[in-house]
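Work through the exercises below with the sequence and the model at hand. Try each task before reading its solution.

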Amino acid sequence: MTPECAPFATSGGLGEVAGSLPAALNRSRKTRMDCRVILPLYGKISDEYRKKMKFLGEGRVPVAWRNQYIGLFELKKDGTVYYFIDNEYYFKRDGLYGYYDDCERFAYFSRAVFTAMEIADFHPNIIHANDWQSALVPIYQNSLVRKAFTRTVFTIHNIEYQGHYGKDVLESCLGLPEDQEYIVDFRGDVNLMKGAIESCNVLSTVSPTYAQELKDPVFSFGLDEIIRRNEHKLTGILNGIDVRTYDPARDPLIAANYSEKDPSGKADCKRALQEELGLPVRDVPMITLISRLVPAKGMDLIMHTLDGVLRNNDVQFVMLGTGNGEYENYFRSLQYNYPDKVCSMIEFDTAKSHRVYAAGDILLMPSRCEPCGLSQMIGCRYGDIPVVRETGGLKDSIKDCTLGDGNGFTFADYGAESFYHAVMNAVSRCGDKDKWGPLVRHDLSMDFSWRKAAGQYIQMYEAMMER
């Protein structure tokens, strides 16, 4: 159960996971599994997919004092069944989240999942809910629905967003029995993620290091006490990426294909991007940034260091992303000050992101906090060597190569000086072709597919069924 799923409707990492992990589970030869996905039928889902959907039926869903319509559609894609919950009042909108009635919308979604099971006549042993938008599923299962022989997993993709509301939503949206309202009570308000952590059978997150960090007040956004109380059911499994979508050997979105065996096409990709962006066509280290421009991504470190890197080194810098206005303006000014070295694309475009990865040499990810991160894995896949802070999934996936084997450059302290030294370490090594070439080929050969993660999820599910 997910509030977003690629390629239908997505806003970030959760959508990528929901679009890849279920298919990997269904392909696994380790066990017989029927993993299906359910999500809202958002207005932005294209006609391309709507035309392939089959209408399964309709029903009614209780949402506190309301009784709302549900229509259920089914689509089969690449060996996986997807269910879409139709209610235009809640989901026929331009975006996915950020509306005044999000609590009501996703309370509806959570109750509708149980109704959808009856319409589809599909009764899973395990419901796997993700992030605050589906946090009410384990809560409803324990306190209201009590569907027989059904267990729940709740995965935290980003604990910063918790579904935090005033107590008025108890009566207006949630519809919990009065003796069960305590489960979502947190410091005098309603916290849906807190309730899910308490209610689920298994609690998971998207990397082993992040699972440990969540017990620390620095990373937990107030929920560390709740996490520690439930750590007996907590596990961290590192995400993978869709290696078919991100494959420089076959990617139709880049100027030239290349691989570990023949990486020469990467130079062609750099030249093509330089021409596209109006940068001088030169063989110099290209530093890249593909990111949401928000504090958690370490934008303040970049603002304190990048000017010095550009001023003192023969490099180029290309960024792609949107976010806080302060950061957007910084990157615009950076291009203005260094027109022959910098191109700032204040937008997000999937095709362009592929071209930047393929052209880039050094990928910046100095995150303050990073539950898993996918960009560092994609960067390795395209030979865009990551510079990362040792936090969350970045620490689990990128090992420093300075003193030996490794696949990137890392730093531990969240400070401008530490980040600057890591970037300069990468720039220096990039200038040594005898050392840089083997590093690129090593990263191109790395396996960040969902195969390993799918096996760990299967073990988790099987252990749940044995309890």
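The exercises cover helix packing, aromatic rings, burial and backbone angles.

This is a predicted model, in which local features need pLDDT of at least 70, side-chain atom pairs count only at pLDDT 80 or more, and totals for chains, interfaces and linings use all residues. Residues are numbered from 1 along each chain as its sequence is written, and side-chain values use heavy atoms, with hydrogens and water left out.

**Exercise 1. Two helices and their angle**

Find how the axes of helix H12 and helix H13 cross, and name the arrangement.

Solution. Start with the elements: helices (H or I, at least four residues) and strands (E, at least two) are DSSP runs, numbered from the N terminus. H12 covers residues 299-312 and H13 covers residues 325-337. Next take the axes, which are lines fitted to C-alpha atoms, for helices over the stretch in contact, with angles that run from 0 to 180 degrees between N-to-C directions. The two axes come within 11 Å and cross at roughly 5 degrees. H12 is therefore roughly parallel to H13. The cut-offs are under 35 degrees for roughly parallel, over 145 for roughly antiparallel and 65 to 115 for roughly perpendicular, while the rest count as oblique.

Now list the residues in contact (heavy atoms within 4.5 Å). From H12 come Met 299, Ile 302, Met 303, Leu 306, Asp 307 and Leu 310, and from H13 come Glu 326, Tyr 327, Tyr 330, Phe 331 and Leu 334. Sorted by class, the contact of H12 with H13 has 9 nonpolar, no polar and 2 charged residues. Here Ala, Val, Leu, Ile, Met, Phe, Trp, Tyr, Cys and Pro count as nonpolar, Asp, Glu, Lys and Arg as charged, and the others, Gly among them, as polar.

**Exercise 2. A second helix pair**

Classify the packing of helix H1 with helix H19.

Solution. H1 is made of residues 13-27 and H19 of residues 450-466. Their axes lie 9 Å apart, at an angle of about 70 degrees. The two helices are therefore roughly perpendicular to each other. H1 contributes Val 17, Ser 20, Leu 21, Ala 24 and Leu 25 to the contact, and H19 contributes Trp 450, Ala 454, Tyr 457, Ile 458 and Tyr 461. By class, the contact of H1 with H19 has 9 nonpolar residues, 1 polar and no charged.

**Exercise 3. Aromatic rings**

Describe the ring pair of Tyr 330 and Phe 331.

Solution. A pair of aromatic rings is described by the distance of the centres and the angle of the planes. Rings of Phe, Tyr and Trp (its six-membered ring) pair if their centres lie within 6.5 Å; planes under 30 degrees apart count as stacked, over 60 as edge-to-face and the rest as tilted. The structure holds 22 aromatic pairs. In the pair of Tyr 330 and Phe 331, the centres are 5.1 Å apart and the planes stand at 70 degrees, so the pair is edge-to-face. Both Tyr 330 and Phe 331 are buried. Buried means under 20% relative accessible area, exposed over 50%, and partly exposed in between (1.4 Å probe, protein chains only).

**Exercise 4. Buried or exposed?**

Is Val 388 buried or exposed, and which residues does Val 388 touch?

Solution. Val 388 is in strand S16 (residues 385-389). At 0% relative accessibility, Val 388 is buried. Not counting residues up to four places away in sequence, Val 388 touches Met 365, Gln 376, Leu 394, Ile 398, Phe 409, Thr 410 and Phe 411.

Repeat the step for Asn 313, which is in the loop between H12 and strand S13 (316-320). Asn 313 has a relative accessible area of 16% and is buried. With neighbours within four places in sequence set aside, Asn 313 is in contact with Gly 308, Lys 341, Met 424 and Val 427.

**Exercise 5. Backbone angles**

What is the sign of phi at Asp 78, and where is Asp 78 placed?

Solution. Most residues other than glycine have a negative phi, and most peptide bonds are trans. Asp 78 is not a glycine, yet has a positive phi of about 50 degrees. Asp 78 is in the loop between strand S3 (66-77) and strand S4 (80-86), and is exposed, with a relative accessible area of 53%. For the peptide bond, look at the step from Ala 6 to Pro 7, which is cis, with omega near 5 degrees. Pro 7 is in the segment before H1.
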